[in-house]
Amino acid sequence: MTSASNNGAPIISVENLTMSFGDFVLQRDLTFEVHAGDIFVVMGGSGCGKSTLMRHLVGLLEPAAGRILYGDRDFTAASTKDRDAMLRRFGVLYQGGALWSSMTLAENIGLPLGEFTDLSPETIREVAAVKLALVGLSGFEDYYPSDISGGMRKRAGLARAMALDPYILFIDEPSAGLDPISSRLLDELIVELRDSLNTTIVMVTHELPSIFAIGTNSIFLDAESRTMIASGPPTELRDHSDNPTVRRFLNRGAAHG
Amino acid sequence: MTSSLATPADLTATRRDDGTMVVTLGGDWLLSGVLPSTDALIDQLRSGVSRLAFDTTALADWDTGALSFVLRLSGTARTASVPVDASGLPAGLQRLLVLAEAVPEKADAKSDEEDYGVVDWIGLTTLSAKASAGETLEFLGQSVIAVWRFIRGKARYRRSDLTLLLQQAGIEALGIVVLVAFLLGLILAFVSAIQLQQFGAAIYVADLVGIAMVRDMGALITAIVMAGRSGAAYAAQLGTMKVNEEIDALATMGIDPIEFLVLPRFVALVLMMPLLTLFADAVGILGGMLVGIGMLDLSFTAYAQQSIGAISVTHLLGGLFKGAVYGILIALAGCLRGMQSGRSAGAVGSAATSAVVTGVVWIIAAAGMFSFVFYLLGW
Ligand SMILES: Nc1ncnc2c1ncn2[C@@H]1O[C@H](COP(=O)(O)OP(=O)(O)OP(=O)(O)O)[C@@H](O)[C@H]1O
Ligand SMILES: [Mg+2]
């Protein structure tokens, strides 16, 4: 497990981001940086706004205040066209999978390939098969999302998110609904994507084993104080955080020290 | 749990000299039994009690029935800053109480939508109508852009989706459209036959049915059937996709959901509506003819000739044009409501209903406008 070097310019910078639904402020003053090669973990209790943060990062929701930069380009202020160009380099796995239900798995993965590359239909199908094989779903090319299990849908969603070999991959709870072995395989896959394709990963998860096994950096969102209360490598936070909530979370509720 | 002869729950509260209120629970406190009213006790608790304690020595059997009561008491005690001594409760009940109170209630989590008066309602409805008008305009703008890109051949959508939609809005809808149009032809003929027979002008039933169907009714009845069929389906499809985050997934992939989802539905209806209208016209005239031959003793040739003489090409083209316009309205209403749908099963249902209502209202309004404009133009 190599720890990514935090030198060099960040590829995502979030500055004083405030997220709200109308008057209801969910989180305020989030400031953090994600560096190339990070497996960046967003942690926090259920309902604290992790998925909402992800939706802000990919432009589905607009910040109430603050801004989000990719490299030195301001995503928040960018025109729709620039945004689309930036989005094309991202892959997103939603908490519910969000597969297009009227298309087979192969078509789901093939759609972005067909839209944004000049590959032939045969090649696209081959690529789709490869991506499905990577998430342990070879042979399921012609299944519809409604014909597979929740955990399989999650993995198929990851295969689709990886379709264009994204430069940043956003993942919302990849291992929710997976058995421990598949979940471990998924962790290995994520590390492999990072190492072989230089993908930077932003991951929302509660799974302590994966957090410690693969997370290189993290932030912790708190529902009570409505802001981030810790940031840093997860193992370091577990052992040395001065915040009791964070330590309790990372020690599975057991009061430590 | 233990015996079938449940003892009824009973509840007494005594106040000691030191201000401690002792709540005594006796009998069976079960959700399936009859639980005593607790309101009086809660009021008592608010009036100068220094401590809250429990006595449950007479408590036989209990479940959530007892827990919810204790939870309510201790909640009231906390807001009134009265210390609670739970040691008198059964051990299991104490542990559940600790669990239930471990996570404090989120202060602003409860929705405050309940106690709105009429005035609030009028205000909120106006605001949401204003927001909805804005959304509708934005949607229309985006749709126009999508159509423009389609015309220039630059739009992104799946051909296979379009084929399927054409089939659904075309051949699969034909049966019901034909049936309804046939019945409408019959009805028109019956109504006019009774009147015209009195003047010995029965043959003019052919004129009336023919002109009415071809000019207006064919397109109108097709549109209303299609609003119920395709409009509702489109809203439900898009609404469900919204619930599943499928539309978000398109957007974050840089694919415009309007082009990808709305455009093919729009194109399918605009192409198919005139064709369906043509069938409706023909079948409606056939229905009229059945009445003419069967009831009015007209001959087939007489009726047919009379019809052909009455209908002009302007009538026919005007009717087909109306059909195409209604198609646009149905697709827009269905897709608009689908895209506006909330993220729940109930919201998808409302979106489908609202798509039909919106579609039919738009269609009737357009029909009225057409009548007026065509009248001015002398068509
Ligand atoms: N569209 C919305 N309108 C209003 N409030 C919302 C909306 N979407 C989410 N919320 C609120 O935002 C909060 C955070 O939601 P979010 O989905 O981001 O949580 P989360 O941290 O991902 O939780 P989990 O770990 O359970 O997935 C929730 O309390 C929810 O009520
Ligand atoms: Mg979430």
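Colleague: What makes R156(B) and E115(A) a salt bridge?

Modeller: In this predicted model, the closest N and O atoms of R156(B) and E115(A) are 3.1 Å apart. The cut-off is 4 Å between a side-chain nitrogen of Lys or Arg and a carboxyl oxygen of Asp or Glu, so the pair of R156(B) and E115(A) counts as a salt bridge. Between chain A and chain B the count is four salt bridges.

Colleague: Which helices of chain A supply residues to the side that touches chain B?

Modeller: Helices α2 (80-87) and α3 (105-116) of chain A each supply at least two residues. The most comes from α3(A), with five residues. Sorted by class, that side of chain A has 13 nonpolar, four polar and seven charged residues.

Colleague: How many residues does each chain bring to the contact, and what area is buried between them?

Modeller: Chain A brings 24 residues and chain B 18 residues. About 1,900 Å² is buried between chain A and chain B, with carbon and sulfur atoms giving 54% of that area. Of the area that chain A buries against chain B, 26% is supplied by Y94(A), W100(A) and E115(A), more than by any other three residues. There are also seven residue pairs in polar contact between the two chains, with both residues at pLDDT 80 or more.

Colleague: How do you know that E15(A) and R67(A) form a salt bridge, and what does the pair tie together?

Modeller: Their side chains meet at 2.9 Å, N to O. That value is within 4 Å, so the pair meets the rule. E15(A) lies in strand β1 (residues 12-21) of chain A and R67(A) in strand β4 (residues 65-70) of chain A, so the pair ties together parts that are 52 residues apart in sequence. Over all chains the count comes to 20 salt bridges.

Colleague: Why is the pair F321(B) and F370(B) called edge-to-face?

Modeller: The ring centres of F321(B) and F370(B) are 5.9 Å apart and the planes stand at 70°. Centres within 6.5 Å make a pair, and planes over 60 degrees apart count as edge-to-face; the pair is therefore edge-to-face. F321(B) sits in helix α11 of chain B and F370(B) in helix α12 (residues 345-377) of chain B, so the pair links distant parts of the chain, 49 residues apart. Twelve aromatic pairs are found over all chains.

Colleague: What confidence does the predictor give the chains and the complex?

Modeller: Chain A has a mean pLDDT of 88, with 95% of its residues at 70 or more. Chain B averages 89, and 95% of the residues score at least 70. Among the elements of chain B, helix α11 (residues 313-340) has the highest mean pLDDT (95) and helix α1 (residues 39-45) the lowest (82). Over residues 1-5 of chain A, pLDDT stays under 50. The complex has an ipTM of 0.81 and a pTM of 0.77.

Technical notes:
Residues are numbered from 1 along each chain as its sequence is written. Chains are lettered from A and ligands numbered from 1 in the order in which they are written. Side-chain values use heavy atoms; hydrogens and water are left out. pLDDT is the predictor's confidence in each residue, from 0 to 100. Helices (H or I, at least four residues) and strands (E, at least two) are DSSP runs, numbered from the N terminus. Contact means heavy atoms within 4.5 Å. Buried area is the accessible area (1.4 Å probe) that two parts lose on being put together, summed over both. A polar contact is a pair of N or O atoms within 3.5 Å; within protein, one must be able to donate a hydrogen and the other to accept it, and residues adjacent in sequence count only if both atoms are side-chain atoms. Ala, Val, Leu, Ile, Met, Phe, Trp, Tyr, Cys and Pro count as nonpolar, Asp, Glu, Lys and Arg as charged, and the others, Gly among them, as polar. Rings of Phe, Tyr and Trp (its six-membered ring) pair if their centres lie within 6.5 Å; planes under 30 degrees apart count as stacked, over 60 as edge-to-face and the rest as tilted.
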